[in-house]
Amino acid sequence: MRLSAPLGASTAFFYALGYPIGAAAVRAATPGTVLVARFGASVVILAVIVTIARLEWPRGAQAWHAVVVGFLTQGVQFVGCYEAMYAGVSPVLVALVIAMNPVVTAAAAGMMLHEKLSRRAIVATVLAFAAVCTAFAGRVVGVGHVDAAVAWVVVAVIGLAVGGVYQQRYLTQGHPIAVNTIGVGVALVPALVFATVTPQHIADPTRAVWTIAILVIANSVIAATLYLAAIRQAGAAATSLLFGVIPSIAALLTWAILGERPDIGVVFGLVIGAAACFIGNDQAPGREEPASVSPSTGSTGTRSAVRRRG
């Protein structure tokens, strides 16, 4: 299955929006405070949506798979990202490191799913990596080094990639919004632990409130649900190629929101990343069969050939 253009574009935009808004949030309050408030509010809103719309929850073992996916893609990813930005790493740099997701996902898929990438998929992955390097080069030259806090982003991208592959392999039931509700609720655990073991304070209450409100709606509710839906439609590897273009979108939004202008490398990164997404979407790395449709919700569920053994 190919990733549809509307779903891919909307996923990329809302995911990218989270970087400048997240950076603004951790300038107003510490990461632990932001994460607990974000996840706490998000799980309530999502649970209400699922209840009112009577969406299908994953059941039995599928519910536990949703727990694992949420812990990795929500908890691990955002603790790493927010701590990195709080430590001084720019939101664009965070987005660029997270954009390594295609490379990490390809490696994880090879190990976890025994997938063999097609030539087109390999080209797409290389282009996605080139997009990151091109956009990142100007900042490296300007700064002269890579901040040690980037290690937090490395943790984040590993959580995101492994969580995406795990979902593709095991999580095949439940509406994406219901799955996301479980994930956000589970993410409260690492967020609470992180908030407990690190000092917390709020420097600017007003900014903290409005930035967290945007993060709740744009990221926890919209972007995360779209990401889960994209994986269900096209697979983890194909969806991860969106991260080739997300950093450049994040750079443009950072310029508009925070006044931090992107350099020429980011612009070239946008072009190369777009090419990677196009090629990867034309021939998805996974070996999915046509998606099945849940009779109770009408949502698609990938009965992937990755269930086969090697």
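Two residues are in contact when heavy atoms of theirs lie within 4.5 Å, and by that rule, among the contacts in this protein between residues at least 6 apart in sequence, 89% join residues at least 24 apart. Keep in mind during the tour that the structure on your screen is a predicted model.

**The whole chain**

Begin with a cartoon view of the protein, in which you can look for twelve helices and two strands. Starting from the N terminus, the elements run α-α-α-α-α-α-α-α-α-α-α-α-β-β. If you then switch to a surface view, the accessible surface comes to about 12600 Å², with 70% of that belonging to carbon and sulfur atoms, while buried residues make up 55% of the 310 residues.

**The largest core**

Next, select Tyr82, Val94 and Ile98, which are the residues with the most contacts inside the largest nonpolar core, a set of 74 residues. The largest share of this core, twelve residues, is contributed by helix α9, so select residues 205-234 to see where that helix runs. In soluble globular proteins, nonpolar side chains tend to be buried together.

Which residues touch tyrosine 82, if its neighbours within four places in sequence are left aside? Show its surroundings and you should find Gly22, Val26, Pro31, Val34, Leu35, Arg38 and Leu215 in contact with tyrosine 82. Another core, of eight residues, lies apart from the largest one, and Tyr166, Leu171, Ile182 and Leu228 are among its members.

**Aromatic rings**

The whole structure holds six aromatic pairs. Select tyrosine 15 and tyrosine 227 for one of them: the ring centres are 5.7 Å apart and the planes stand at 65°, so the pair counts as edge-to-face. Because tyrosine 15 lies in helix α1 and tyrosine 227 in helix α9, this pair ties together parts that are 212 residues apart in sequence. Tyrosine 15 is buried, with a relative accessible area of 7%, and tyrosine 227 is buried too, with 5%.

Move on to phenylalanine 39 and phenylalanine 78, whose rings form an edge-to-face pair with 6.5 Å from centre to centre and 65° between the planes. Here phenylalanine 39 belongs to helix α2 (residues 31-53) and phenylalanine 78 to helix α3, with their positions 39 residues apart in the chain. Both phenylalanine 39 and phenylalanine 78 are buried. Add Tyr82 to the selection, and you have a cluster in which ring pairs link Phe39, Phe78 and Tyr82.

Now add arginine 38, whose charged end sits over the ring of phenylalanine 78, 4.2 Å from the ring centre. A similar arrangement can be found at arginine 169, where the charged end sits over the ring of tyrosine 170, 4.9 Å from its centre.

**Histidine 65**

Select histidine 65, which has its place in helix α3 (residues 61-86). Is histidine 65 buried or exposed? Histidine 65 has a relative accessible area of 17%, and because buried means under 20%, this residue counts as buried. Apart from neighbours within four places in sequence, histidine 65 is in contact with Tyr166, Tyr170 and Leu171.

**Salt bridges**

The last stop concerns the two salt bridges of the structure. In one of them, the side chains of arginine 27 and glutamate 260 meet at 3.0 Å, N to O. This pair links distant parts of the chain, 233 residues apart, with arginine 27 in helix α1 (residues 5-28) and glutamate 260 in the loop between α11 and α12. Arginine 27 is partly exposed at 45% relative accessibility, and glutamate 260 is partly exposed at 28%.

The side chains of glutamate 56 and arginine 59 also meet in a salt bridge, at 3.8 Å, N to O. Glutamate 56 counts as buried at 14% relative accessibility, whereas arginine 59 counts as exposed at 56%.

How values were computed: Residues are numbered from 1 along each chain as its sequence is written. This is a predicted model: local features need pLDDT of at least 70, side-chain atom pairs count only at pLDDT 80 or more; totals for chains, interfaces and linings use all residues. Side-chain values use heavy atoms; hydrogens and water are left out. A nonpolar core is a set of buried Ala, Val, Leu, Ile, Met, Phe, Trp, Tyr and Cys residues joined through side-chain atoms within 4.5 Å. Buried means under 20% relative accessible area, exposed over 50%, partly exposed in between (1.4 Å probe, protein chains only). Helices (H or I, at least four residues) and strands (E, at least two) are DSSP runs, numbered from the N terminus. Accessible areas come from the Shrake-Rupley method with a 1.4 Å probe; for residues, only the protein chains shown count as cover. A salt bridge is a side-chain nitrogen of Lys or Arg within 4 Å of a carboxyl oxygen of Asp or Glu. Rings of Phe, Tyr and Trp (its six-membered ring) pair if their centres lie within 6.5 Å; planes under 30 degrees apart count as stacked, over 60 as edge-to-face and the rest as tilted. A charge sits over a ring if NZ of Lys or CZ of Arg is within 6 Å of the ring centre and within 35 degrees of the ring normal.
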